[in-house]
Amino acid sequence: MKFAHVSGLGIALLAASVTHNTSADLLITAVYDGPLSGGTPKGVELYVENDIADLSAYGLGSANNGGGSDGEEFTFPAMGATAGSFIYVTNNEGAFLEYYGFTPDFASNSMSVNGDDAIELFHAGTVIDVFGDINTDGNGTPWEYLDGWAYRVDGTPANGGVFDNASFSYSGPNAVDGCSTNDSCSSVMPIGSYGGGSGGGNVVIIEQMGYAFSPAVAEVNIGDTVRWIWGGGNHSVVDSNPGTCDSVGAFFNSALDFDTQIVEWVVTEDAPESIYYICDIGFHCKGGMVAELIVLDAGGTDSDGDGWDDDVDNCPDVANPDQADCNGNGIGDACESFDDCNGNGVPDECDIANGDADDCNENGVPDSCDYKNGDLHDDNGNGYPDECETPTPAIQLQEIRIDQPGGDDDEYFEIRGDGGQSLAGVWYLVIGDGSGGSGVIECAIDLSGMTIPAGGTLLVAEDEDTLGVLADYVLPGALNFENSDNVTHVLVMNFYGAVNDDIDADDDGVVDNAPWQNTVDGVRIIETTDGSGEHTYLMDEEVGPTVDGYAPAHVYRYTSACGSFAIGEFDPASADAVDTPGSENPACPSDCPADVTGDGVVNVNDLLAVIGGWGGSDAALDIDGDGTVAVNDILILIGAWGPC
């Protein structure tokens, strides 16, 4: 079993611990002599019995080899400590982290003890608790912990400096020899498990393991302490309405992460028979990070057995664990008569209002039922009513700039189509990565109010003046495109999702959920091709990486028959830049560059044209592309003589 501690001395604990009859607010709960190099880690675990306003009144000291007290050798800093939390002091922070799996609170040479040394806990200079006999070398004694550990029996109070062997359980000498971590050792020290007070409730351990709580269902009683232990990543623990991902927080609500590695809650007398709880970070709950506490001795009556007592159940006679009341009238949907044409248990009006069902003709009947009644049709089989469908326009994504030197002031994209063409229903999406991995929608721009200009080229830009061109539509801040990674830029119809939606929840490179009607056009912009980068989606066309291994800053589609995308320059001001915002892009490179007249054959007409432009820089006549029409161009032309 893996345990962790509360970073920051228990600041995140959610419920006050029961006050116990003990002479101290702090006591020694464990001593340990580790098996790693140099016999590390060594030290103590302390338990905060009651809230401590100023920890600097407390300190530690070791009594080595039976030589009597050396007094207080380590004093805690001025800070508070929360009841129910644990404090760890060690002689070697790195070895502690390696063996126990989390960072200790303090490191001090005062804890350079061996398994035969006693340890004293001081308050205001007076010993309030001690492990071992300070005047006895511990070798061969019942309390020896050489290469082992000792752990305090639950409910045993601080001893005021008079040690009793029966207050602790022991691993015995050499019990951890050869072990590399506590939780993989055959002799596991039950770290962080002490339960204070005599006759108190049990401590129920629940571990966060990846995107799950383990166990997912735990039985508890009123007065028990539920202790959630962090296992990695950013998570939370919050009670919720059963069957939903709503954060309620009526009993507990806390982060569970690197800064808050343990969360505790004492089961209260008003706890219901079932407490459903979730992780409400990102999509974790929807991905199945849910669990339940069963309170065995909870009061109240739950006639329908749905986990809600009758006095709070909005439908006490019919099981409705999700307490759904979509119209908010205080009567659970399970107890209310309503129209439910699709038989999903939700009123039609709520299906429509919540966006779970479309009603494109606004007749109060979900479109899926209009299909059944013959009132609507879907002849193209795309799941969207023909009567309400926006026709997909004949448009093409032509040019994109996502980056440039300095500030990205000239980001833009360009769409080609017939002049006057409406873009009703068209959305521009960028699909990249996020907290959910690949397939996250990073940018979603609704183009519905836009129209292709008469010239056939629509320019949408970050700034009104884009490389000297007046943009057709200016969207400041909306085109904050990602400059690296593998991304997909795509035009879709009738998008109904949201930014940060994950269309590939299992990150396998296959779209699991496409919240739009259909795909129109787009391109994959690639930075890495070795499999280490993000997945891209939907489009066959891809461009990149650049020769120096970066995602292209500028890409454009040739306007002639080849129609493929090419990589432009990083700097739009460079001599080789081919940015053409608002106008046609370059044509495909010629397969026959020596045919300067374009008649399909290299002959005397081409020779005369080149001679006529001798010494100039006409790109059409500069066959070798060196910037000057000269003898090399003649030689290339002669070498290509004949039909192309």
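Which residue takes a positive phi in the hairpin of S7 and S8? I looked this up before anything else, keeping in mind that the model is predicted.

**Entry 1: the S7–S8 hairpin**

I find that Ala 124 has the positive phi, near 55°, in a hairpin with two residues between its strands. Strand S7 covers residues 118-123 and is joined to S8 by five bridges in the antiparallel sense. For the register I noted one pair: Ile 119 has Phe 131 of S8 as its bridge partner.

**Entry 2: salt bridges**

I searched the whole structure for salt bridges and obtained six. I recorded three of the pairs in detail.

I began with Arg 152 and Asp 129, whose closest N and O atoms are 2.8 Å apart. Arg 152 belongs to strand S9 (residues 149-152) and Asp 129 to strand S8 (residues 126-131), so this salt bridge ties together parts that are 23 residues apart in sequence. I then asked whether the two residues are buried or exposed. Arg 152 counts as buried because its relative accessibility is 2%, and Asp 129 counts as buried because its value is 0%.

I next examined Glu 264 and Arg 227, whose side chains form a salt bridge at 2.4 Å, N to O. Since Glu 264 sits in strand S17 (residues 262-266) and Arg 227 in strand S14 (residues 225-229), the pair ties together parts 37 residues apart in sequence. I note that Glu 264 and Arg 227 are both buried.

The third pair I recorded is Arg 557 with Asp 521, a salt bridge at 2.9 Å, N to O. Arg 557 is in strand S31 (residues 554-557) and Asp 521 in strand S29 (residues 518-525), so parts 36 residues apart in sequence are tied together. Arg 557 and Asp 521 are likewise buried.

**Entry 3: a six-stranded sheet**

I traced an open sheet of six strands with mixed pairing, in the order S27-S24-S21-S20-S31-S32. Which strands are at its edges? They are strand S27 (473-474) and strand S32 (565-567), each of which pairs on one side only. Within the sheet order, S20 is next to S21. Strand S20 (residues 396-401) and strand S21 (residues 412-416) run antiparallel and are joined by five bridges. Gln 396 stands opposite Arg 416 of S21.

**Entry 4: nonpolar cores**

I looked up the largest nonpolar core and found 53 residues in it; among those with the most contacts inside it are Leu 26, Leu 46, Phe 76 and Ile 119. The elements giving two or more residues to this core include strand S1 (26-36), strand S2 (40-48), helix H1 (93-100), S7, S8 and S9. S1 gives the most, with seven residues.

I then listed the surroundings of Phe 76. Beyond four places in sequence, Phe 76 touches residues including Leu 46, Tyr 58, Leu 60, Ile 87, Val 89 and Phe 106. I also found a second, separate core of 28 residues, which includes Ile 402, Ile 415, Leu 423 and Val 460.

**Entry 5: Val 543**

I closed with Val 543, which is found in strand S30 (residues 542-543). Why does Val 543 count as buried? Its relative accessible area is 5%, and buried means under 20%. The C-alpha atoms of Val 543 and Val 555 are separated by 7.5 Å, the two residues being 12 apart along the chain. Leaving aside neighbours within four places in sequence, I list Val 555 among the contacts of Val 543, together with others including Val 523, Ile 525, Pro 552, Phe 565 and Ile 567.

Notes: Residues numbered from 1 in each chain as written. Predicted model: local features only at pLDDT ≥ 70, side-chain atom pairs only at ≥ 80, totals over all residues. Heavy atoms only, no water. Salt bridge = Lys/Arg side-chain N within 4 Å of Asp/Glu carboxyl O. Helix = DSSP H or I, 4+ residues; strand = E, 2+ residues; numbered from the N terminus. Buried < 20%, exposed > 50% of the residue type's maximum accessible area, 1.4 Å probe, protein only. Pairing = 2+ DSSP bridges. Core = buried A, V, L, I, M, F, W, Y, C linked by side-chain atoms within 4.5 Å. Contact = heavy atoms within 4.5 Å.
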